[in-house]
Amino acid sequence: IRLVIARGQLMQGMEPGSMLAINATVTEISDIVTAHDCEIAVLNSPEDVVASGSSANITALAAALAEKDIVTITLRTSHAYHSRMMEAASQAFEKVLGTITIHKPKKPFISNVTGLLATTEVQSPEYWSRQLRDRVDFTGGIATLNKQYHQAVSFIEVGPGKSLSYFVKKHQKSNQSKQLSTLQLLGSAKD
């Protein structure tokens, strides 16, 4: 619990910022995101990325993308997570993690930093510092699970909403993975 509290407090202590969901590939938008002094923070599907940056830069980025007819949605966040605006929190969190022993995981899991099966790197404070600061590779994780389980994977959406299902289906279409399936346990607030 101490780590969860420390992580949350450190992140909330950073300068406020914004995040922008973008319906485009990394290749299509990488240059324009960089030109607006923002970063690609999340890879949700091959065609869905999220950029982070200062609120002013995200607003300017959204306007520039609208001029190119690229669909965006400003996310309801207080900060620019998974970006350089989390750098100080990341460094402080690494120091907190240095005070505990991180044991080898007993069960395999996907690293959202690499999108691959986690290795012994997760036993280091540096890894968890990167996990707070660096880009999230959600679509890479879907691809890894799909490959690991021979294209026969079921994803279970536990909370309200349909984000997981949406991104898995986008991944399925772009990679022609016919065996991917999703199950939603709770209806969304809109249902």
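**Exercise 1. The pocket lining**

Work out how the residues lining the largest pocket of this predicted model divide into nonpolar, polar and charged.

*Solution.* Start with the classes: the lining holds eleven nonpolar, five polar and three charged residues. Next, look at the full set, which comes to 19 residues. Those nearest the pocket's centre are A21, I73, L75, S163 and F167. Now turn to secondary structure: β1, β2 (39-45), β3, β4 and α7 (163-175) each give two or more residues to this lining. To finish, the space itself has a volume of about 550 Å³.

**Exercise 2. The span of a helix**

Check whether the end-to-end distance of helix α3 (residues 55-67) agrees with a rise of 1.5 Å a residue.

*Solution.* First, take the length: α3 has 13 residues, so the expected span is 18 Å. Then take the model: the end C-alpha atoms lie 19 Å apart, which agrees with that expectation. Stepping just past the helix, you will find D69 with a positive phi of about 60°.

**Exercise 3. Two sides of α3**

Sort residues of α3 into buried and exposed, and explain how the buried ones are arranged around the axis.

*Solution.* Begin with the buried residues, which are I58, L61, A62, A64 and L65. They cover an arc of only 165° around the axis, so they sit on the same side of α3. The background is helix geometry: with 3.6 residues a turn, residues three or four places apart point the same way. Now go to the other side of α3, where A56, T59 and E67 are exposed. Lastly, ask what lies over the buried residues: the cover includes β1 (18-22), α2 (26-35), β3 (48-53) and β4 (72-74).

Technical notes. Residues numbered from 1 in each chain as written. Predicted model: local features only at pLDDT ≥ 70, side-chain atom pairs only at ≥ 80, totals over all residues. Heavy atoms only, no water. Helix = DSSP H or I, 4+ residues; strand = E, 2+ residues; numbered from the N terminus. Expected span 1.5 Å × (residues − 1). Buried < 20%, exposed > 50% of the residue type's maximum accessible area, 1.4 Å probe, protein only. Arc of directions from axis to C-beta. Contact = heavy atoms within 4.5 Å. 1 Å grid on protein atoms, 1.4 Å probe; cavity = no way out; pocket = protein on both sides within 12 Å on 5 of 7 lines; lining within 4 Å. Points joined across faces, edges and corners; volume = space filled by probe spheres on them. Nonpolar A, V, L, I, M, F, W, Y, C, P; charged D, E, K, R; others polar.
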